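The following exercises are to be worked through with the sequence and the model at hand. Each task is followed by a solution in steps.

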Amino acid sequence: MKLFVLTATAILLTACASETVPVAKMSCAELARNIGKATQVRDTATVDTIAGTVDMLAAESTADEIAGGLESLAGDLTHVAVTQELDALNRAFRQNGCS
């Protein structure tokens with residue numbers, strides 16, 4: 001369970017760190033590539049949230065319940081952050097006339 005929390009956090013940090021060019025200055029190819037990466041991170045965060053919730057509900061001890069809750073929380077936080085990034089990327093993609 002702790003592995004999922006660390007994985008979600010690492011994916012989020014990688015996604016944020018990979019954006020070296022401002023969104024407004026990205027080419028259509030860069031925007032598409034980053035949209036793909038952000039979508040993958042968002043989907044992984046959703047799976048982590050669901051897995052954490054299931055782990056929390058099926059926990060046999062308080063420690064397992066807490067670990068599942070943390071996993072779920074990490075997935076939720078990652079999902080919110082990457083959704084905001086994805087919105088900005090999609091907006092720039094449309095504004096640049098990319099298809």
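## Exercise 1: The salt bridge

The structure, a predicted model, holds 1 salt bridge. Identify the residues that form the salt bridge and classify the accessibility of each.

*Solution.* Step 1. Side chains of opposite charge can pair when their charged atoms come close. Step 2. The partners here are Arg-42 and Asp-43, whose closest N and O atoms are 3.5 Å apart. This distance satisfies the criterion because a salt bridge requires a side-chain nitrogen of Lys or Arg within 4 Å of a carboxyl oxygen of Asp or Glu. Step 3. Arg-42 has a relative accessibility of 25% and is therefore partly exposed. Asp-43, with 40%, also counts as partly exposed.

## Exercise 2: The disulfide

Locate the disulfide, give its handedness, and state whether each of its cysteines is buried or partly exposed.

*Solution.* Step 1. A search of the whole structure yields 1 disulfide. Step 2. Cys-28 and Cys-98 are the cysteines joined, with an S to S distance of 1.9 Å. Step 3. The angle about the S-S bond is -80°, and the link of Cys-28 and Cys-98 is left-handed. Step 4. Distant parts of the chain are linked by this pair: Cys-28 belongs to helix α2 (residues 28–57), whereas Cys-98 lies in the segment after α3, 70 residues apart. Step 5. Buried means under 20% relative accessible area, so Cys-98, at 13%, is buried. Cys-28, at 34%, is partly exposed.

## Exercise 3: A nonpolar surface patch

Determine which residues form a nonpolar patch on the surface, and place Leu-73 within the secondary structure.

*Solution.* Step 1. The patch consists of Ile-66, Leu-70, Leu-73 and Leu-77, which together have about 390 Å² of accessible area. Step 2. Helix α3 (residues 62–95) contains Leu-73. Step 3. The relative accessible area of Leu-73 is 44%, and Leu-73 is therefore partly exposed.

## Exercise 4: The chain as a whole

Describe the secondary structure, burial, contacts and accessible surface of the chain.

*Solution.* Step 1. The chain has 3 helices and 0 strands, and its pattern along the sequence is α-α-α. Step 2. The chain comprises 99 residues, of which 27% count as buried. Step 3. Among the contacts in the chain with a separation of 6 or more, 72% are between residues 24 or more positions apart. Step 4. The accessible surface of the chain is about 6000 Å², and carbon and sulfur atoms account for 63% of this surface.

Notes. Residues are numbered from 1 along each chain as its sequence is written. This is a predicted model: local features need pLDDT of at least 70, side-chain atom pairs count only at pLDDT 80 or more; totals for chains, interfaces and linings use all residues. Side-chain values use heavy atoms; hydrogens and water are left out. Patches are made of residues with over 30% relative accessible area and no salt bridge: like charges are joined within 9 Å, nonpolar side chains (Val, Leu, Ile, Met, Phe, Trp, Tyr) within 5 Å. Accessible areas come from the Shrake-Rupley method with a 1.4 Å probe; for residues, only the protein chains shown count as cover. Helices (H or I, at least four residues) and strands (E, at least two) are DSSP runs, numbered from the N terminus. Buried means under 20% relative accessible area, exposed over 50%, partly exposed in between (1.4 Å probe, protein chains only). A disulfide is a pair of cysteine sulfur atoms within 2.5 Å. Contact means heavy atoms within 4.5 Å.
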